[in-house]
Amino acid sequence: MPTDTRSLLQRYYAAFNQADWPQFLGLLTDDVIHDLNQGDRQVGRAAFARFMQRMNRCYAEQIADIEIMVNPDGSRAAVEYTVLGTYLSTDEGLPAANGQKYRLPGGAFFEIRKNHVARVTNYYNLEDWLRQVKG
């Protein structure tokens, strides 16, 4: 159902913004597929948790301007958003971090199974982010 999927994704982004990682990870299937922007595909909740640990070490982010679009049967969704972030600690292969602020439009595509996120594919413009953090 579209309303169930919309509610699921509202809870997903609320948990992210509140840094409630047990709640956030609990919204994923055990075999969740996570397609990283400019990166590899990771499979499984444990891999997603490791990714989030790295992200939380290197970045402080909030997701704003969230617009959720859901297909008629609720099995897929797209979300447009704005990332409001601070680059806290240098991430491998990226410029040095020194507390740079950034504002970045992004989007995500979701596959939903049994009212859990079964796949999320995130997109944002890496070149835009690099321009912002390099100053």
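Helices (H or I, at least four residues) and strands (E, at least two) are taken here as DSSP runs, numbered from the N terminus. The structure is a predicted model, in which local features need pLDDT of at least 70 and side-chain atom pairs count only at pLDDT 80 or more, whereas totals for chains, interfaces and linings use all residues. Residues are numbered from 1 along each chain as its sequence is written, and side-chain values use heavy atoms, with hydrogens and water left out.

A convenient place to begin is the loop between E5 and E6, where Asn115 lies. Asn115 has a positive phi of about 60° although it is not a glycine. Most residues other than glycine have a negative phi. As for its surroundings, Asn115 counts as partly exposed at 35% relative accessibility, where buried means under 20% relative accessible area, exposed means over 50%, and partly exposed is what falls in between (1.4 Å probe, protein chains only). The two strands on either side of this loop form a hairpin with two residues between them, and Lys114 in the turn also has a positive phi, of about 50°.

Strand E5 (residues 100–113) is joined to E6 by eight bridges, and the two run antiparallel; strands are said to pair if DSSP finds at least two bridges between them. Within this arrangement, Phe110 stands opposite Val120 in E6. Strand E6 (residues 116–124) is also joined to strand E1 (residues 28–35), through four bridges, and here the strands run parallel. Two of the partnerships between E1 and E6 can be located by residue: Leu28 has Val117 as its bridge partner in E6, and Ile33 has Arg119.

From E1 the pairing continues to strand E2 (residues 41–43), with three bridges in the antiparallel sense. Asp35 has Arg41 as its bridge partner in E2. The hairpin of E1 and E2 has five residues between the strands, and among them Gln38 takes a positive phi near 60°.

Turning to the helices, Asp4 has its place in helix H1, and Asp4 is partly exposed, with a relative accessible area of 40%. Although Asp4 and Asn115 are 111 residues apart along the chain, their C-alpha atoms are separated by 7.0 Å, a value that relates helix H1 to the loop between E5 and E6. Thr3 also lies in helix H1, and Thr3 is exposed, with a relative accessible area of 59%. The C-alpha atoms of Thr3 and Thr29, 26 residues apart along the chain, are separated by 19 Å.

Ala19 is found in the loop between helix H1 (2–17) and helix H2 (21–26). Like other residues described above, Ala19 has a positive phi, of about 55°, although it is not a glycine, and Ala19 is partly exposed, with a relative accessible area of 44%. In helix H2 one finds Phe24, which is buried, with a relative accessible area of 1%. Phe24 touches Tyr12, Ala15, Phe16, Phe48 and Met52, not counting residues up to four places away in sequence, where contact means heavy atoms within 4.5 Å.

Helix H3 (residues 45–58) has 14 residues and reaches 20 Å from its first C-alpha to its last, close to the 20 Å expected at 1.5 Å a residue, the expected span being 1.5 Å times one less than the number of residues. Ala47, Phe48, Ala49, Phe51, Met52, Met55 and Cys58 are buried in H3.

Which residues touch the most other members of the largest nonpolar core? Of its 37 residues, these are Tyr12, Phe48, Phe110 and Val117, a nonpolar core being a set of buried Ala, Val, Leu, Ile, Met, Phe, Trp, Tyr and Cys residues joined through side-chain atoms within 4.5 Å. Tyr12 touches Phe24, Leu27, Leu28, Phe48, Phe110, Val117 and Val120, again not counting residues up to four places away in sequence. In soluble globular proteins, nonpolar side chains tend to be buried together.

The largest pocket is lined by 36 residues, of which Phe51, Arg54, Met55, Glu61 and Tyr124 lie nearest its centre. H3 gives the most to this lining, with six residues. On a 1 Å grid over the protein atoms alone, a pocket is an open set of points where a 1.4 Å probe fits, with protein on both sides within 12 Å along at least five of seven lines, and lining residues have an atom within 4 Å of a point.
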